[in-house]
Amino acid sequence: MASTSNSTSSKIITLRSSDGEVFEVEESVALESNLIRRMMEDDCANNIIPLPNVTAPIFYLVIEHCKKHAEMKDNKEKKKELRSQGEELLKSDPHTYSNLMEAVNYLDIKSLMDLTAQWLADFLKGKSPRLIRELLKIKNDFTPEEEAEILERNRWAFD
Amino acid sequence: MQKTKRQRVGAAGACGVDFISNLPEDVMSSILALVPLRDAVRTSILSKEWRYKWVSIPDVVFNRDRLMKSSSSYSYSSSSDDDDDESVCAHVVDQLISQLIGPICKFSCVFFSILSSHHFDRWIGLLSKNQGNGIKEFVFAIERKIKWYNVPHSVFHYQGLCHLELLNCTLELPPAFKGFRNLSVLNLAAKISKDDIECLISECPLLEWMKLIAFDYYQCLNIHAPNLRYLELDGEFKDVSIEACSLLTDVSLLSDVFPPWDRSGFGPSSHIPFIGCLKGIKSLKLKQFYLQYLCVGIVPKKLPATLDHLQYLEVELEFNSKEILAILCILRSYPNLKQLKIKYCVDYKGRRDGLLREEGDISGEQAELCGVKTESDCFLSHLHAVEIIGIAMLSDLKFIRCILSNAPVLETMKIYTNRHVEAEKVLTILEELFRSQQASTWAEIIYLGHYKASQWDHKIKLKDPRKTPTMIKRRL
């Protein structure tokens, strides 16, 4: 999946997802992950690197976004576009979002961490608690008394 | 293929499972730090799982926009009920600070112009008591016009600080100040004594980036910062000296007043020796009236030392002949200069009215000063890009010609005219300019219209096609 770019000399790293799928990724892309970087520095990367916490579809998404992120470096339009994609993903598929977020956190990819964190932050901005609950399937488990107490504690934020 | 997968997991999401609430704690608090505080606080009502998520946000940024509205449409001077606003704001921040459990890495409080300083004192007091050494970044700014804030001593005991910004404050170091061992960024716009500022700088051994707007007049400012890479100074200094800054590469000097000629007791001294000792710098910017500080006394032909590393020079000048001498002096001392940007400060209306009138021939002596008679010794042998902003009259061309005839590898020269110059005059200037002799055979002169400084910075906006000839290019 990796070698679509024109660099012929770039080293290929082989990774295996938790569900057994094997990925070949250009070194430059793989090194975006500090986890993989550390593993390679510790020299346990001569063979296939196992990623026991990441499934194939999620890993595919991670790679895709790493590449997008690299492409958009100096492109404000694309940056904006990528930032706005979070809203849609969180609305339609919060499960994939949380998997992606956890994978990115586990793989320790700074650029994608910033992006996915921004997605949820943007999503939470300006929405009413009721709407957030509904979209993210969060169950309100407060009693009316508890709820009243919380509202009272920070009344300014709920006016 | 991917789409089907998304739909599959999407179906799982639709059956009502909450996947977001259990994201790792540290991830969640960094996410909530990106949200306006108001929205962050509102997440406490979502569910028991969310009740206390927001209280551990690491970055606390108070400004009225972020605090009071999630949209940014709140205007600073909107209403007559500022008094109400003050107590509401103060109360809200009080509540917030008392609930935050930390650790707080960044505390930023910017432009609460409506608040009185005792509120700030109280918050900083609370912060110091509860968070103390954990704070890495502390930013505090108020609006200059209104009042100066006396920064409490406790701030100077934050041992973990890496980044400190105090804007429009009065500072006084506590007697027991032990320095900031980890500080790398310092941005001050402050009233602070010479001794205190020098002590503060030298007690930050890792300082790399410093911007200082000094509101006090300093006889001589001594900067001792062995790791400094970026320096921006703005103020009125009789003299500046800098020692042990071998890593310094980027210097920007600005003064919005002329050298203080008339201060009783001491006249100004030239800053030529100061510029001359900036040995390793790659980029130098001399803004507003700073060039005047190099024109005090006799301007030498060259600086005391040759500065090999400088690649970028930016100067603003008012067009007095001595300034040209000062620029020539600098140019001769920077043999490897690649980029040069010159800005004529004719944008301040009224101030330089004389400039906009075309004057006749300049006299012999002045002509020499303008660079006309400088021998063509190709001293700009590496210069490949020049940008000249705000040309207003034909005599400006004399200096430009001097550059053209001394830069054998010049590739582009971009020209902007002053916005008060009429179209007809622009044509005359350009005609004259294109007739110039140049040392480089492939230099391209590009005219980009009137220069328009934006309100906030000095970045270039593109041409204004209505009043002036459109872009003219000439390749020789």
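Reader: Why do B:Lys48 and A:Glu146 get called a salt bridge?

Author: The name needs a side-chain nitrogen of Lys or Arg within 4 Å of a carboxyl oxygen of Asp or Glu. Here the closest N and O atoms are 4.0 Å apart, so the pair fits the rule. Keep in mind that this is a predicted model: local features need pLDDT of at least 70, side-chain atom pairs count only at pLDDT 80 or more, and totals for chains, interfaces and linings use all residues. Residues are numbered from 1 along each chain as its sequence is written, chains are lettered from A and ligands numbered from 1 in the order in which they are written, and side-chain values use heavy atoms, leaving out hydrogens and water.

Reader: How many salt bridges does the rule find across the interface of chain A and chain B?

Author: Just one, while the count over all chains comes to 19.

Reader: What makes A:Asp122 and A:Arg83 a pair that ties parts together?

Author: Their closest N and O atoms are 2.7 Å apart, so they pass the salt-bridge rule too. A:Asp122 sits in helix α6 of chain A and A:Arg83 in helix α4 of chain A, so the pair links parts 39 residues apart in sequence. Helices (H or I, at least four residues) and strands (E, at least two) are DSSP runs, numbered from the N terminus.

Reader: How do you know that chain A and chain B are in contact?

Author: Contact means heavy atoms within 4.5 Å. By that test, 46 residues of chain A touch 45 residues of chain B.

Reader: What is the area buried between chain A and chain B?

Author: It's about 3,900 Å², with carbon and sulfur atoms giving 66%. Buried area is the accessible area (1.4 Å probe) that two parts lose on being put together, summed over both. A:Lys137, A:Arg153 and A:Trp156 supply 18% of what chain A buries against chain B, more than any other three residues.

Reader: Why is β2-β1-β3 of chain A called a sheet with edge strands?

Author: Two strands pair if DSSP finds at least two bridges between them. Three bridges join β1 (residues 12–17) of chain A to β3(A), and these two run parallel, so they pass. The sheet is open, with three strands and mixed pairing. The edges are β2 (22–26) and β3 (49–51) of chain A, each pairing on one side only.

Reader: Which residue of β3(A) stands opposite A:Leu15?

Author: That's A:Ile49.
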